[in-house]
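Please open the structure in a viewer and keep the sequence at hand. The tour below proceeds by selections, each followed by a description of what is found there.

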Amino acid sequence: MLFKRLSLVGIMLSISIFTFSSEGLAVRLGDLEKLRDTNVCIRGDLSESVLGASDLKDGVNIKGTSLRGADLRECGVPDDLEAYDADFKDVRWAEGQFESLCAKYPCFGVKGRIGSLAVGTELIRVENIFPGFREDLGERETGIEMFTSAYDLEMGDGAEQRKARRFYGQAYELGNKEAANNLGFMNEAGVGGERNIARAMAFYQKALPHPVAQMNLTRLMATELGLREEALTLGKLYEQDGEREELKCDRLLYEKWYRQAATLGSLEAIRKVISFPNPAPEWVEKLSEADLGYHLYAQSQDFLEGKGITEGIAEGYQNTEQSMKLLQRSAKAGYVQAAFELSAYLKEGILLARNHEYSLTFLKRAVQLGHSQGMINLAQLYRRGYYINGSTLLDPNREKALLLYQCALERAILLPEEKQGTIFRQVSRFLGYAYEVGEGVDQDRDKALEIYEITMSTDSKSLTSLLGLSRLLRAKGDFAHSFKYLQEAQEVKEDDLRVLYMMGQHHEKGWGTDIKLQEARIFYEKASALGHLSAKIKLSLWDRKRGVAHDLFEDRVIKTIGELPLSIHTAFTKSLQRVSQELKENYRIINSQGEVLHKLSEDYERTQEKVERKSEQTQEDPQRVNYAFIASDPYLTYYNRNIDEDVSDEDASQASLEQVVEAVRTSLSQQEAYVPEIGNDFDSIMATHIHGGASRRVQKRFIRLYKHFHATQEEGRFGLLLAQNMGRCRDGLGDYFTQLENQYIYNIEGDIPLGAKLGRVLLDYKEGFLNRYRNTLEGAHEEATEGQVLLRERMRLPLGLPGQFLNPRYPGIGAGMRAIYQPSRVMEIFLEGGNVRFERGDAHHIENFEAYSSTKMRYLLQEEISRSDQNLRDLGRQRYITSEQLSNYIKRDSFLEAEFYKAYDDMEENLYFDTNAQEADQLYRPKFYEYLLRKSGYLLG
């Protein structure tokens, strides 16, 4: 069976006998002058070159180039260097240059592509197989031909790279496992399409046991999840000096991985780091602490259980405080079970005060140390996002969730058999289903079948696996075995709504049994009574055919999304006029000395260069993003009716301002939660930030917010919210005003078109993107606050955010001149995704962003539909896309209406509707959301 193989580490350490031919390593297309003249040196040779500050310019293409031994110490390596597939062995770097590139590009310096194929008994470089392939890259008949075409196309531009993905896929279907590795590498690096780490891992697994695929799989888990054992393995492999040309790397890279493993408490890695030149003294302390990891955990258990094993402890004596202290030391020392248990205690408030942030920290550490159940727990948080009291602890990330499930399955294979069942059950529920339907990974029903079978091998009563096997076998036309597994599932749980619904399907269609419509109806009725959505739909359709008065579309259970816009073009024109008018104002951000720091028109131009470049690269994509809508969202006016309205000078006069402040102060004093300290905080904020020298724009924002609260809520609540901001600077309060405007003023109620409802979800994502784009390290509070205010002003027009220009009070503290805060760089990260490294002294934090793609947009809509009311309350906001408009939308759209009825007449899911849906959010397939986005203009093609 799939996955039943040797330990990953064991295999990788045994592949040293595998060698690669070094003949024909590169086609020499140019030298240093070629690079200077054209910015292109694909598969060229720049080894031993001394490159100056201007040699590697923006946009240079050196993929596959040899830079062995080159001197890059004086070279200004650009931020957007696409160098993940060049040879950097023995390159001389400037201090910190190599490390920063490694942090930005997970694939930097990695020879992760396979460029050699077995032809007969020889291993030959691809360039030497079919010379001159570039002239005619048509469809090929053999795996080798398809692979060679793809390899050549991958070195081309965006359109050719997208074609390379397709050719690699065809080569794999023709039996070429190496193609799966290269396809995985393209997915991991985001070449020729969106970056997708879950798909990358799946392809690497398909290429096993090839050593390069093993290397890539290990690096992916070490890079994306920070796994300790994988980091240690990478350190060992990068250190080896064998002839495996494609696995060599710079010394700095193997030191990096040893240090990562050592930081996580690996004794072997710590001992290695201590042997490096001039080791820091703290590593010696870490060695002694790590040696105590298990001993500390055992002592913790003794104190907790009162066993009296440790000297000086009386039998039966319990000391939970001491137990928890030891448990924390054990977790920090790298003992995996201690980290996992500590996370659970902190989350539930058992033995320790509840602290969700610290709980998440130790859960992530347990995952890095290789805890299978910890991986599943963290995956579940990534699936839905993690929100506590309005704060976001984890943004939803389905790719990361799938990667964790995949890693958990890998780990579970190595566990004792008695511990495997629980892990397999949880993994099969999500990972098996993901492969079954193609959610986040390419649909692979054979792999889904194997995952379900793995679970069945340890737990024959797994309901999820029985139902999965039944569905997959039914899809293969094996109705007899499909019905057999369904009957077994009924024995496990006869009142399960999924079992009842599938029984209804089999009896209605005669799948593996006789057609019995009356029996089918009984099963559907039972499933419907338990809340199964598709069972309700099926009964409604049957009643309709029998002439029973029943309007399917009035059933609120199946309603979801709104109407089409009346005129996209007119709204878009108005939006363009808004942007144009603001640019004519020539807004500038100045400091307290009157110096111009930033011109917003220049910021806008730089970002649009990135947008235009991205738009050109995706011209051939069948579902490409309408990038023009990013800055000029035509639907902005529908949910922004109040926020840009100017407050009159009369309403914002000093006398009027004083009246408003007094009204809020009076209402605040009548609140149940009021204490004198709250009143003092409110008075201080008013005196400092509203009365005391505040700009007219700030005062008008205050008046506008007051008017909204006066009309819709208690004024005292407005006062309470403001009082909580005691201690913030004026820019910090302005940042909070923006949050209040997002939460309370945007209007998505009433008769507004579909595009505005979709646009509100997309706007929320853009606001969230900027909120994450900040330095959250300890001691960087001013940079985080001022940087956020400054960045929002500079990115407000490029990202199409509502609001009016407001010059930050202290723009100089916002680090606006740093490269990572340049609007062009921020827009590039927004469009392409990638890692951003934030620093503070010796500490650093890397934030990963996903690309703004059609897949991401569709996912945002799916998440909005599936959010629970509690989840929305935790976020502190209302539902943007409600469950009240699907009926209007479907019955007004003839195409979707036909697809809907066809799906339920045939009882076969299609591209738009899932006839097995149990809940409203499961009814709609990805194409349904793509259809909505396309009809609203957010997607083209």
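Begin with a pair of helices: α21 passes α22 in a left-handed crossing. The model is a predicted one. Select residues 463-475 for helix α21 and residues 479-492 for helix α22; their axes come within 8 Å and cross at roughly 160°. Because angles over 145 degrees count as roughly antiparallel, α21 is roughly antiparallel to α22. To see the contact, display Leu463, Leu466, Leu467, Leu469, Ser470, Leu473 and Arg474 on α21, and Phe479, His481, Ser482, Tyr485, Leu486, Glu488, Ala489 and Val492 on α22.

Next, select helix α18 (residues 398-413) and helix α19 (residues 417-437). The axes of α18 and α19 come within 9 Å, with a crossing angle of roughly 140°. That angle makes α18 oblique to α19. Here too the crossing of α18 past α19 is left-handed. On the α18 side, the residues that meet α19 are Leu402, Tyr405, Gln406, Ala408, Leu409, Ala412 and Ile413. Their counterparts in α19 include Ile423, Phe424, Val427, Phe430 and Leu431.

Stay on helix α19 and select Arg425, which lies in it. Is Arg425 buried or exposed? Arg425 is partly exposed, with a relative accessible area of 33%. Setting aside neighbours within four places in sequence, Arg425 is in contact with Thr455, Asp459 and Ser462. Arg425 and Asp459 are 34 residues apart along the chain, and their C-alpha atoms are separated by 7.9 Å.

Now turn to the interior. The largest nonpolar core has 137 residues, and those touching the most other members are Leu378, Phe769, Tyr773, Leu799, Phe830, Tyr904 and Phe913. Helix α18 gives the most to this core, with 10 residues. Centre the view on Phe830: leaving out residues up to four places away in sequence, Phe830 touches Ile630, Tyr765, Lys766, Phe769, Leu799, Glu850, Ala851 and Tyr852. A second, separate core of 32 residues can be located by selecting Phe88, Leu232, Leu234 and Ala261, which are among its members.

The next stops concern the backbone. Most residues other than glycine have a negative phi, and most peptide bonds are trans. Select Leu208 and Pro209: the peptide bond from Leu208 to Pro209 is cis, with omega near 10°. Pro209 is placed in the loop between α7 (197-207) and α8 (211-225).

Move to Asn586, a residue other than glycine whose phi is positive, near 55°. Asn586 is in the loop between α26 (568-584) and β5 (588-590), and at 34% relative accessibility it counts as partly exposed. Then select Met907, where phi is also positive, near 55°. Met907 lies in the loop between α40 (894-906) and α41 (920-923). At 1% relative accessibility, Met907 counts as buried.

For a last residue, select Val596 in strand β6 (residues 596-599). Val596 is partly exposed, with a relative accessible area of 40%. Apart from residues up to four places away in sequence, Val596 touches Arg588, Ile589 and Ile590.

Finally, display the whole protein chain, whose secondary structure comes to 42 helices and 10 strands. Of its 941 residues, 56% are buried. The chain exposes about 40,300 Å², and carbon and sulfur atoms supply 47% of that area.

Key:
Residues are numbered from 1 along each chain as its sequence is written. This is a predicted model: local features need pLDDT of at least 70, side-chain atom pairs count only at pLDDT 80 or more; totals for chains, interfaces and linings use all residues. Side-chain values use heavy atoms; hydrogens and water are left out. Helices (H or I, at least four residues) and strands (E, at least two) are DSSP runs, numbered from the N terminus. Buried means under 20% relative accessible area, exposed over 50%, partly exposed in between (1.4 Å probe, protein chains only). Accessible areas come from the Shrake-Rupley method with a 1.4 Å probe; for residues, only the protein chains shown count as cover. A nonpolar core is a set of buried Ala, Val, Leu, Ile, Met, Phe, Trp, Tyr and Cys residues joined through side-chain atoms within 4.5 Å. Contact means heavy atoms within 4.5 Å. Axes are lines fitted to C-alpha atoms, for helices over the stretch in contact, and angles run from 0 to 180 degrees between N-to-C directions. Angles under 35 degrees count as roughly parallel, over 145 as roughly antiparallel, 65 to 115 as roughly perpendicular and the rest as oblique. A crossing is left-handed if the near helix is turned anticlockwise from the far one by less than a right angle, and right-handed if clockwise.
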